[in-house]
Amino acid sequence: MKHKQPFAVIALTAMLCACAVTPGGGDPVVINAEKTTALAVDTFDSFLQYEYNNRAALESVSPAIHEYANYVRANGQKWLQTARSMTQAYKHNRDENNKANLTTAISTLQEAVNQISKYMATGTASLKKAKRH
Amino acid sequence: MGADLIIAAINAGITLIDLAMKWAADLKQSGELDEAGEKALDAKIANLSDKPWWKPQT
């Protein structure tokens with residue numbers, strides 16, 4: 001494959017993390033939360049670095065990528081910290097309320113990872129199209 | 001816009017595959033994070049805002 005599709009791979013891994021099994025034991029709610037949080041850290045960081053380093057090229061083909069990158073810059077760390085706080089709360093008291101709060105926080109991260117995948121798809125496709133012309 | 005710039009941008013995106021591969025490998029890991037793992041993750045999150053690409057861009 002000459003040009004791999006990073007966005008597709010990220011989306012796939014996000015799904016895999018969301019469906020992670022726990023053969024070695026442990027609470028799957030916590031394990032999925034921690035894996036999703038760690039995945040989101042790396043995804044946000046890589047996406048923002050990519051957008052930062054290639055802004056001119058990306059902005060010329062898809063200004064929305066820059067807008068979403070700034071949205072992540074403004075909120076991403078807060079989303080991650082919220083997910084960590086909710087994970088800690090659930091680990092200390094594994095009741096339904098804390099589980100619901102954790103699920104909501106993790107859903108926010110997953111949604112952001114999915115959005116990044118979409119923007120990467122748009123950006124990469126547009127860049128390839130621009131390259132052909 | 002030069003073709004080199006576009007190619008560079010595409011290639012930079014491909015580096016994100018490394019991230020996916022890392023996570024595919026991590027799927028083998030099971031169990032909740034231990035205290036050291038939690039501290040490492042929290043520190044990683046706390047340090048994000050120090051990176052230049054996390055600063056608001058106009």
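Trainee: Is A:Ala105 buried or exposed?
Mentor: This is a predicted model, where local features need pLDDT (the predictor's confidence in each residue, from 0 to 100) of at least 70, side-chain atom pairs count only at pLDDT 80 or more, and totals for chains, interfaces and linings use all residues. A residue is called buried if 20 or more other C-beta atoms, placed from the backbone, lie within 10 Å of its own, exposed if 12 or fewer do, and partly exposed in between. A:Ala105 has 24 other C-beta atoms within 10 Å, so it counts as buried.

Trainee: Which residues does A:Ala105 touch, not counting those up to four places away in sequence?
Mentor: On numbering, residues run from 1 along each chain as its sequence is written, with chains lettered from A and ligands numbered from 1 in the order in which they are written. A contact here means C-beta atoms, placed from the backbone, within 7 Å. A:Ala105 itself sits in helix H5 of chain A, helices being DSSP runs of H or I with at least four residues, strands runs of E with at least two, both numbered from the N terminus. By that contact rule its partners are A:Thr82, A:Ala83 and A:Met86.

Trainee: Which element gives the most residues to the largest nonpolar core?
Mentor: Such a core is a set of buried Ala, Val, Leu, Ile, Met, Phe, Trp, Tyr and Cys residues joined through C-beta atoms within 7 Å. The largest one has 35 residues, with A:Ala83 and A:Leu109 among those having the most contacts inside it. H2, H3, H4 and H5 of chain A each give two or more residues. With eleven residues, the top contributor is H2(A).

Trainee: Where is the kink in H4(A) centred?
Mentor: Taking 1.5 Å times one less than the number of residues as the expected span, the 30 residues of H4(A) should cover 44 Å, and the end C-alpha atoms are 43 Å apart, which agrees. Still, there's a bend, meaning the angle between axes fitted to the seven residues ending at a residue and the seven starting there. That kink is about 50°, and its centre is A:Asn75.

Trainee: Which helix of chain A has the lowest confidence?
Mentor: Chain A has a mean pLDDT of 83, with 80% of its residues at 70 or more. Over residues 16-22 the pLDDT is below 50. Helix H4 (63-92) has the highest confidence, a mean of 96, while the lowest, a mean of 49, belongs to helix H1.

Notes: Two residues are in contact if their C-beta atoms, placed from the backbone, lie within 7 Å.
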